[in-house]
Amino acid sequence: MSLSFSHQFNVQANTAQGAAAQFGTNVLAGLVGGIDTFRSELEQQRRSRSLGAGMLGAFLWVDDTELLRRIAEFPSACVVVSKQPRSPRSLEKLRKVADAVQGAAGFPTRALPDLEGLRLHEDGAAPVLGPGSASPDIRLSALRSLGYRRVGDHLVPILHTKMLLLGELWWHDEDALGGAADVIGFSPSRLWLGSANGTESSRRSLEFGLWTRDPDLMKAAQKFLVEVVSQSEELDPGSDTLAPDLVEPDYDDEEMREALTAPGDSSTEDSHEDDA
């Protein structure tokens, strides 16, 4: 017999500030419904510089079919989960989840200023950049992992948050100083906080979930989530410890100096003109 809680536990409320809260069973229905509502409203607005909806999230684990489908179909999404063990059962779970988001668009790092200057490591080492190094267009996978892998009976710290931040990616043709540039960014719009993991089993448990548009909460959540993303790895990395895929690059100082002093450099030409 399948055990369950009574629907008498289920309570919904809306605060004076416009936050929507849900208590009881199946709070993931409120999460999935909120995702659908946000995306539908954004697509109806049809702003000329919009690049579509964006999603950042962090959960202990995600395997709910409906939630995985929303992540996979989102124009830009990156959701980070706690690093999973590599037992046969866990590997089978990872395979199913990876298959569910195969082909997802992921999330562009240059839409988040704190990630824009980072690069993917090269065999564990920071890449060395010179004056001719191109700025890569890095799109992080839709599902990633963070932290330490439990090996044996030794407990490790884990990513235990349950949160999802939705917003809009946008494009602009000017930088902060008014110069011509290809700039993209992310503006948060609403935040979901709850107790439920993104799992099918959580739908049967007593949980809570809250949608809010509080600007201070969204700002803090984005700062936290960007740090989570910056320290993340692929869904099933080889490392058992914290080993981020994104790193601060090194720079070839000698090549940089040569580029600055090469013939044709504007500062050198100006100096010659002054001497004349």
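This report describes the fold, helices, nonpolar cores and selected residues of a predicted protein model.

## Overall features

The protein has 276 residues, 38% of them buried. Its secondary structure consists of seven helices and 14 strands. Of the contacts between residues at least 6 apart in sequence, 71% join residues at least 24 apart. The accessible surface is about 15,500 Å², and carbon and sulfur atoms account for 52% of that area.

Confidence in the prediction varies along the chain. The mean pLDDT is 89, and 87% of the residues reach 70 or more. Over residues 266-276, pLDDT stays under 50, and the model has three contacts beyond four places in sequence for this stretch. Where pLDDT is low, predicted coordinates should not be read in detail.

## Helix α1 and the nonpolar cores

Helix α1 covers residues 28-45. Its 18 residues should span 26 Å at 1.5 Å a residue, and the end C-alpha atoms are indeed 26 Å apart. The buried residues of α1 are Leu28, Leu31, Val32, Gly34, Ile35, Phe38 and Leu42. They occupy an arc of only 160 degrees around the axis, which means that they lie on the same side of α1. Just after the helix, Arg46 takes a positive phi of about 50 degrees.

In soluble globular proteins, nonpolar side chains tend to be buried together. The largest nonpolar core of this model has 30 residues, and those with the most contacts inside it are Leu31, Ile35, Met55 and Leu164. At least two residues of this core come from each of α1, β3 (50-59), α2 (65-73), β4 (76-82), α3 (88-100) and β10 (163-174). The most is given by α1, with six residues. Leu31 touches Phe59, Leu67, Leu164, Trp192 and Trp211, leaving aside residues up to four places away in sequence. A second, separate core has 26 residues, including Leu56, Met163, Ile184 and Met218.

## Helix α3

Helix α3 has 13 residues and reaches 19 Å from its first C-alpha to its last, close to the 18 Å expected at 1.5 Å a residue. Ser90, Leu94 and Val97 are buried in α3. Seen down the axis, the buried residues fall within an arc of 70 degrees, so they line one face of the helix. The cover over these buried residues includes α2 and β9 (143-146). On the face turned away from the buried side, α3 carries the exposed residues Pro88, Arg89 and Lys96.

## Selected residues outside the cores

The table gives the relative accessible area of four residues.

| Residue | Relative accessible area | Class |
|---|---|---|
| Asn26 | 29% | partly exposed |
| Asp114 | 62% | exposed |
| Asp123 | 85% | exposed |
| Arg213 | 52% | exposed |

Most residues other than glycine have a negative phi. Asn26 is not a glycine, yet has a positive phi of about 55 degrees. Asn26 lies in the loop between β2 (20-24) and α1. Asp123 likewise has a positive phi, near 55 degrees, and sits in the loop between β6 (119-120) and β7 (128-129). With a relative accessibility of 85%, Asp123 is exposed because the cut-off for that class is over 50%. Asn26, at 29%, is partly exposed because this value falls between the limits of 20% and 50%.

Arg213 is placed in the loop between β12 (207-212) and α5 (215-230). At 52%, Arg213 also passes the 50% limit and therefore counts as exposed. Apart from residues up to four places away in sequence, Arg213 touches Glu41, Ser189, Arg190 and Met218. One of these, Met218, belongs to the second core. Arg213 and Ala20 are 193 residues apart in sequence, while their C-alpha atoms are 9.7 Å apart in space.

Asp114 is found in helix α4 (residues 113-116) and is exposed, with a relative accessible area of 62%. Asp114 and Lys223 are 109 residues apart along the chain, and their C-alpha atoms are separated by 9.1 Å.

Key: Residues are numbered from 1 along each chain as its sequence is written. This is a predicted model: local features need pLDDT of at least 70, side-chain atom pairs count only at pLDDT 80 or more; totals for chains, interfaces and linings use all residues. Side-chain values use heavy atoms; hydrogens and water are left out. Helices (H or I, at least four residues) and strands (E, at least two) are DSSP runs, numbered from the N terminus. Buried means under 20% relative accessible area, exposed over 50%, partly exposed in between (1.4 Å probe, protein chains only). Contact means heavy atoms within 4.5 Å. Accessible areas come from the Shrake-Rupley method with a 1.4 Å probe; for residues, only the protein chains shown count as cover. The expected span of a helix is 1.5 Å times one less than its number of residues. The arc is that of the directions from the helix axis to the C-beta atoms. A nonpolar core is a set of buried Ala, Val, Leu, Ile, Met, Phe, Trp, Tyr and Cys residues joined through side-chain atoms within 4.5 Å. pLDDT is the predictor's confidence in each residue, from 0 to 100.
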